[in-house]
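Please look first at the sequence and the model below, and then follow the text through the chain, its sheets, its empty spaces and a single residue.

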Amino acid sequence: MKRFFLFAVTAVGATLLTVACGQRQQQEQQDGQEEQELQWQLKEVWETKDLPTPESVLYHEGNDVLYVSLIDGDGAEKDGKGGVALLNLDGSVKDQNWVTGMNAPKGMAIHENLLYVADITAVAVIDLETGDVLHEIEFPDAVFLNDVTVNADGIVYVSDTRTGTIYQMQNNQPTVFLKDAPNANGLKVVDGNLYALIGPELWKIDADKNSTVITKGFELGGDGLEPVGDKGDFLVTCWGGLVYYVKADGSFEKLMDVQGEMNTADLGIHPGSNTIYIPTFNSNSVKAFKLEK
C-alpha cells in the first residue's frame, strides 16, 4: 500500500511538473511572439516631391521647420546650383529657395543661431534668421565633406568620406581631428562623445580620440545618423536604400530595405513625435515616416 501511495504521489508530481514546464514554455513562446510583434516599424506619413536632389534633412525645434540641403546636380561639382530649402512639419514647402548659390550641400548642424553646412571642400555658416551665408570656410586638403555635427561648446566636427578624415573646427578654424576613419560619413555628438558612421560600422570617439566600435555589419556604408529615445539607441540610414535601428548594446534590426527603388540619404528626426524624415536623393523628394511599434 505504501509503495502504491508513493508511486501515485510521484506520478502526480511528475504530471504537475510537466504541466508547469509546458505552461512556462507556452508563456515564453507568447512572450517571444509579443516581443517580435513589438519590433519598430516605419509608417509613411507624407512625401514632398520636386526637390532637386535632397541629401540631408535637419529638424530645428526653435522654429519648427525642416532644413533640406539640395544638391541639384553632381554631388562633387562646384556649380553654384545647390541650396537649402525650408519645409513645414506637414511636408508643405515654406521656402524652396531659402539659400541659393551653393555647390553640393550635404550634412547640416545647428548651434545657437547658426547653421553649418558641408559643401564639398568648405563649410558654409548661415544665419538662421536671415538665411545669409556669413562665411564659407575652406578645409585643408578636403575632397568630399559630407556630414556635420556640433557639440554644446560650439565645436564643429565634419567628415570627409573620400579621405577618411574627421575635422574639428573652433572659431571658424578647421584642423584635423582624426585620420584613418575609412569612408567616414554620418556624425553626431551625444553626451560629449562623437559617434561616427565609418563605412559599415558605428564608432564612438571620446575627446582623447579613442574609438570604440559600437556595432558593425551593415550591408552598406552608413550615411545618416540620429539618436532616438533616451537609452542610447540610434537610427542609421545607408544611401543605397537601407534603414537600421541600432540598440545601445550594438545589436540592430533592419527597418527598411528599398534598394533599387529609392535612396535613403541623411535622415532627420522630430524627437517629440518620433517622426523621421528621409531624403530620397535621386527620387527628388523627402518622405516622412512615423517610427512606431
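The paragraphs below go from the whole chain to its parts.

The model shown here is a predicted one, and its protein chain has a secondary structure of one helix and 24 strands. Of the 293 residues in the protein chain, 49% are buried. Among the contacts in the chain with a separation of 6 or more, 42% are made by residues that stand 24 or more positions apart.

A convenient place to begin is an open sheet of four strands, whose order is E2-E3-E4-E5 and whose pairing is antiparallel. The edges of this sheet are formed by E2 and by strand E5, residues 93-102, and each of the two has a single partner strand, so that one side of each is left without a neighbour in the sheet. From one strand to the next, the twist in this sheet averages 20 degrees. As background, the strands of a sheet pair through backbone hydrogen bonds, and they do so in either a parallel or an antiparallel manner.

Within this sheet, E2 pairs with strand E3, residues 65-70, in the antiparallel sense and over six bridges. The two strands, E2 and E3, form a hairpin with four residues between them, and in the turn aspartate 64 has a positive phi of about 55 degrees. On the other hand, E3 also runs antiparallel to strand E4, residues 82-87, to which five bridges join it. Valine 68 can be followed through both pairings, since the bridge partner of valine 57 in E3 is valine 68, while the bridge partner of valine 68 in E4 is alanine 85.

Is strand E2, which covers residues 54-60, largely enclosed or left open by the rest of the structure? Seven of its seven residues are buried, and E2 is therefore largely enclosed by the rest of the structure.

Another open sheet, also of four strands, has the order E14-E15-E16-E17 with antiparallel pairing. Its edge strands are E14 and strand E17, residues 211-216, each of which pairs on one side only. On average, and with direction ignored, neighbouring strands of this sheet are turned by 25 degrees against each other. Inside the sheet, strand E15, residues 193-198, and strand E16, residues 201-205, pair in the antiparallel sense over five bridges, and isoleucine 198 has glutamate 201 as its bridge partner in E16.

The text now turns to empty space. Rolling a probe the size of a water molecule over the atoms shows where such space is left. The largest pocket has a volume of about 650 Å³, and of the 24 residues that line this pocket, Leu58, Tyr59, Lys188, Glu226 and Pro271 are the closest to its centre. At least two residues of the lining come from each of E2, strand E6 (108-111), E10, strand E14 (184-190) and strand E18 (222-228), and E6 gives the most, with four residues. Sorted by class, the lining of the largest pocket has 13 nonpolar, seven polar and four charged residues.

The second largest pocket holds about 330 Å³ of space. Its lining consists of 18 residues, of which Phe144, Asn146, Asn185, Asp223 and Trp239 lie nearest its centre, and by class this lining has six nonpolar, nine polar and three charged residues.

The structure also holds one cavity of 30 Å³ or more, and the largest cavity has a volume of about 60 Å³. Which elements give two or more residues to the lining of the largest cavity? They are E2, E10, E14 and E18, and E2 provides the largest share, three residues. The residues that line the largest cavity include Ser56, Val57, Leu58, Lys188 and Glu226. By class, the lining of the largest cavity has seven nonpolar, one polar and four charged residues.

The last stop is a single residue, proline 140, which lies in the loop between strand E9 (133-138) and strand E10 (145-150). Why does proline 140 count as partly exposed? It does so because its relative accessibility is 39%, a value that falls between the limits of 20% for buried and 50% for exposed residues. Leaving aside residues up to four places away in sequence, proline 140 touches Tyr167 and Pro174. Its C-alpha atom is separated by 9.0 Å from that of alanine 122, which is 18 residues apart from proline 140 along the chain.

Notes:
Residues numbered from 1 in each chain as written. Predicted model: local features only at pLDDT ≥ 70, side-chain atom pairs only at ≥ 80, totals over all residues. Heavy atoms only, no water. Buried < 20%, exposed > 50% of the residue type's maximum accessible area, 1.4 Å probe, protein only. Contact = heavy atoms within 4.5 Å. Pairing = 2+ DSSP bridges. Axes fitted to C-alpha atoms, helices over the stretch in contact; angles between N-to-C directions. 1 Å grid on protein atoms, 1.4 Å probe; cavity = no way out; pocket = protein on both sides within 12 Å on 5 of 7 lines; lining within 4 Å. Points joined across faces, edges and corners; volume = space filled by probe spheres on them. Nonpolar A, V, L, I, M, F, W, Y, C, P; charged D, E, K, R; others polar.
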